[in-house]
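Please open the model in your viewer, with a cartoon for the backbone and sticks ready for the side chains. The tour starts inside and works outwards from there.

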Amino acid sequence: MIYPATPPNESERLKSLYLIDLLDKSNDERFDRLTRLMKVSFHVPVASLSLLDRERQWLLSSAGTDIRETPRSTSFCAHAILSEGVFVVKDAYKDKRFCNNPYVKGEPHVRFYAGYPVRLPDGMIAGTLCIVDHVPRDFSMDEANALIDFAAIVEDEFLIVSKSMSDNVTELMNKQSFLKLGQKRFEQFTKYQLPFTLIYFELDNIKSIREVLGDKEADAILKNFSVYIKSTLKKHDIGAYLGRGDFAVLLEHDIDNADERYLFNLQCFMDDVNATSQKAYHINYGYGLTNYVPEEHVSLISMLEQASRTTYAEKKRKEPQ
């Protein structure tokens, strides 16, 4: 057996996969409907939609097997995501990459495999759409094209999921998704005792600019601010637009003083934006920062509330007496 290689963009791929929040989900009818249809269309015992996590394969949907999770190192799909097109194994017994694979020698007795990579809206590969048979077989060009068509439907569904999680203007995660996925990340950080920070940003005068200069001008400000947030998020970080000119970033402390460096770099970025914008106004913001303290924070919400109160207090201090 030959173990699959790791894609060169693995860190970026995993970040995108985690943000769409489909791992460990199941029984989603929109995907189950597709795998059932594939099973009948290709006359195979198993059809699956798999997502490739760091060390495991998660079957988001599968018709014909109750298996939900396998090691990534033994999955056919980990090989398939490295392929430019349809990845076909006509007879696993005769393929040195898979002849000793435990899923070939044992349940579910994979003999034939065909898989095609499925991509997230940003172009990163999430996993594969695949079919499996217990006997060797050929795979025609028409069948390959049909598999590609099914994969396109999956990608359309990924786009719908992504849009429901995103803000239309900034393309950052929306508030509802941030509270949901951010809480998961909060639990992961606390479980493994990893230090992290929540930073709450409030753009100044965004309401006034929208009323005086219009939606187009206000939206351009939000987009400018979100550019930095999107470009600097690392693997486990999450950025979101909460509405009304407010943003939030959940920041892992992967280096010393990660929060201070983040804020310094943001200020440098915004200084450049303001210096070159040729606008009659500058984009200014306030922020509140909350470092996780076990005795004080029981959830993401508690950190968000504390950070927003800090921002409010800073603004009050700036007001003329």
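In this predicted model, begin with the lining of the largest cavity, which by class comprises eleven nonpolar and six polar residues and no charged ones. To find the place, select Gln57, Leu59, Pro108, Val110 and Val132, which among the 17 lining residues lie nearest the centre of the largest cavity. The volume of this cavity is about 240 Å³, and strands S1, S2 and S6 each contribute at least two residues to its lining.

The structure holds two cavities of 30 Å³ or more, and the second largest has a volume of about 40 Å³. Select Leu203, Asp204, Ile209, Ile221, His282, Ile283 and Asn284 to display the lining of the second largest cavity; by class, that lining has four nonpolar, two polar and one charged residues.

Return now to the strands and colour them by element. Six of them form an open sheet, in the order S3-S2-S1-S6-S5-S4, with antiparallel pairing. At the edges are strand S3 (69-71) and strand S4 (87-89), each of which pairs on one side only. Direction ignored, neighbouring strands of this sheet are turned by 25 degrees against each other on average. For a closer view, select S4 together with strand S5 (residues 112-119), two strands that pair in the antiparallel sense over three bridges; at one position to label, Phe87 has Gly115 of S5 as its bridge partner.

Next, show the helices that pack on the sheet. Helix H1 (residues 10-20) touches strand S1 (46-52) and strand S6 (125-133), and the direction of H1 makes about 110 degrees with that of S1. H5 also packs on the sheet, where it touches S1, strand S2 (56-63), S5 and S6, and the direction of H5 makes about 35 degrees with that of S5.

Keep H5 on screen and add its helix partner. The axes of helix H2 (residues 29-41) and helix H5 (residues 141-165) come within 11 Å and cross at roughly 175 degrees, which means that H2 is roughly antiparallel to H5. To see the contact, select Arg30, Phe31, Leu34, Leu37, Met38 and Ser41 on H2, and on H5 Leu147, Phe150, Ile153, Val154, Glu157, Phe158, Ile160 and Val161. By class, the residues of this contact between H2 and H5 are eleven nonpolar, one polar and two charged.

Two pockets complete the tour. The largest pocket holds about 610 Å³ of space, and to centre the view on it you can select Leu19, Asp122, Ser162, Ser166 and Glu171, the closest to its centre of the 22 residues that line it. H1 and H5 are the elements that give two or more residues to this lining, and H1 provides the largest share, five residues. The lining of the largest pocket divides by class into ten nonpolar, five polar and seven charged residues.

For the second largest pocket, with about 510 Å³ of space, select Tyr18, Asp24, Lys184, Arg185 and Gln188, which of its 18 lining residues are the closest to its centre. H1 and helix H6 (175-191) each supply at least two residues of this lining. Which helix gives the largest share of the lining of the second largest pocket? That share, seven residues, comes from H6. Colouring the lining of the second largest pocket by class shows eight nonpolar, two polar and eight charged residues.

Technical notes
Residues are numbered from 1 along each chain as its sequence is written. This is a predicted model: local features need pLDDT of at least 70, side-chain atom pairs count only at pLDDT 80 or more; totals for chains, interfaces and linings use all residues. Side-chain values use heavy atoms; hydrogens and water are left out. Axes are lines fitted to C-alpha atoms, for helices over the stretch in contact, and angles run from 0 to 180 degrees between N-to-C directions. Helices (H or I, at least four residues) and strands (E, at least two) are DSSP runs, numbered from the N terminus. Angles under 35 degrees count as roughly parallel, over 145 as roughly antiparallel, 65 to 115 as roughly perpendicular and the rest as oblique. Contact means heavy atoms within 4.5 Å. Ala, Val, Leu, Ile, Met, Phe, Trp, Tyr, Cys and Pro count as nonpolar, Asp, Glu, Lys and Arg as charged, and the others, Gly among them, as polar. Two strands pair if DSSP finds at least two bridges between them. On a 1 Å grid over the protein atoms alone, a cavity is a set of points where a 1.4 Å probe fits but cannot get out, and a pocket is an open set with protein on both sides within 12 Å along at least five of seven lines; lining residues have an atom within 4 Å of a point. Grid points are joined across faces, edges and corners, and a volume is the space filled by probe spheres set on the points.
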